[in-house]
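Reader: I like to see labels argued from their cut-offs. Could you take me through a few of them?

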Amino acid sequence: MEQSFPRPFPALTPAQRYHFDAFGYVVVPGVLSADECAAIQAAMRRVRGEIRARPAGYQPQPGEPKFISDQPHHVFIGDMMECDPLFTAYATHPRLVSMAEEVIGGEARIVELNAHLNTRSPKYVPGEAPKYDFHNGTDVPFSSHTKHGLYHCNFVKTLTNLTELGPDDGGTVVVAGSHKIDLPVEDMIARAYEDRSLIHQVIAPAGSTLLFAETLIHATGQLRSDRERAIIITGYGSTMMPYWGGAALTPEFVAKIPDHLRNLYLGKAHWTRGPRYRQLTDPVDTRTFTLADGWHAPV
Ligand SMILES: O=C(O)CCC(=O)C(=O)O
């Protein structure tokens, strides 16, 4: 893939890599510009409006987006890969793919693409210590390995906040360090509620990416402000893993995927997983990549 799909490696600075290892996540600022955030947000809001305008009982056709969750204050959009070229550009952004590969320790494939738009919940009670919908996507013993002393996980997410996230703006919360701890998830969540310093929350400028291992326990944070939060998330797995983001990609979309992105989109039915490893002290690859370097699928 490398010759035809230039991308940085390593994608993280040594300090970012250390932070990821210690806590199971790292927030990388400045991945998307203000204009890129605005453009993706506009596309997400357009899609939300189109889905809401459908007649009652409408069954989405192959390739059409849908709400995974639909509440007045919170929509969770799935199956969105085929409905706007900016979404494919996000999922194939070379720096984001490379961040995921650094965590996987090998070549990545896209396993899902989702977005959330949310405002304050009507259930919000000022002053009450929040409870979160904590979960993880895979378990520690199955999905983890180490190389050169660094932690790797075969299921990774790149979650970019398209709006500013101050302390009251509902940034993602995580149970720090849970990506390495093979204990029952509910026990770890209980400990985190007993000692809330274990719960870290994303507070970051728009355009920052939360890179995390899906072994890490995480949830949507509590939104207390009057602002709407917009985030877009790609899930990546090792190339041998299946696509699991809702409906399968349509044959029409698959036919458009350029050769150099076929493994990224479709994976590879083979145990050769294209290892990609760094040492902690390897300096970051500083080449600049923007959303324009991602693949804008023709519509
Ligand atoms: O809303 C968030 O910040 C987290 C989203 C999440 O947990 C998910 O999409 O699985």
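Reader: Why is R287 called partly exposed?

Author: Happy to start there, with the reminder that this is a predicted model. R287 has 39% relative accessibility. The partly exposed class runs between under 20% for buried and over 50% for exposed, so that value falls in the middle class.

Reader: And D285, buried or exposed?

Author: D285 is buried: its relative accessibility is 16%, and the label asks for under 20%.

Reader: What makes D285 and R287 a salt bridge?

Author: Their side chains meet at 2.8 Å, N to O. The rule asks for a Lys or Arg side-chain nitrogen within 4 Å of an Asp or Glu carboxyl oxygen, so the pair qualifies.

Reader: Which residues do salt bridges with shared partners join into one network?

Author: That network consists of R17, D21, E102, K180 and R278. By the same 4 Å rule, the count comes to 18 salt bridges.

Reader: How do you know that R7 and E101 belong in that count, and what does the pair tie together?

Author: The N to O distance is 2.9 Å, and the limit is 4 Å. R7 lies in the segment before α1 (14-23), while E101 is in helix α4 (residues 94-104), so the salt bridge ties together parts that are 94 residues apart in sequence. Both R7 and E101 are buried.

Reader: What makes R227 and D169 a salt bridge, and where do the two residues lie?

Author: The side chains of R227 and D169 come to 2.7 Å, N to O, which again satisfies the 4 Å limit. This pair links distant parts of the chain, 58 residues apart. R227 sits in the loop between β11 (218-219) and β12 (229-238), and D169 in the loop between β7 (155-161) and β8 (173-175).

Reader: Why do R227 and D169 get their accessibility labels?

Author: R227 has a relative accessible area of 43%, so it is partly exposed. D169 has 5%, so it is buried.

Reader: Let's turn to E112. Why is E112 called buried?

Author: E112, in strand β4 (residues 108-118), has 8% relative accessibility, so it counts as buried. The threshold is under 20%.

Reader: What makes E112 and N114 a polar contact?

Author: Their side chains are joined at 3.1 Å, and the distance limit for such a contact is 3.5 Å.

Reader: Which residues is E112 in contact with, leaving aside neighbours within four places in sequence?

Author: They are F155, K157, I233, T234, G235, Y243, W244 and G245. Contact here means heavy atoms within 4.5 Å.

Notes
Residues are numbered from 1 along each chain as its sequence is written. This is a predicted model: local features need pLDDT of at least 70, side-chain atom pairs count only at pLDDT 80 or more; totals for chains, interfaces and linings use all residues. Side-chain values use heavy atoms; hydrogens and water are left out. Helices (H or I, at least four residues) and strands (E, at least two) are DSSP runs, numbered from the N terminus. Buried means under 20% relative accessible area, exposed over 50%, partly exposed in between (1.4 Å probe, protein chains only). A polar contact is a pair of N or O atoms within 3.5 Å; within protein, one must be able to donate a hydrogen and the other to accept it, and residues adjacent in sequence count only if both atoms are side-chain atoms.
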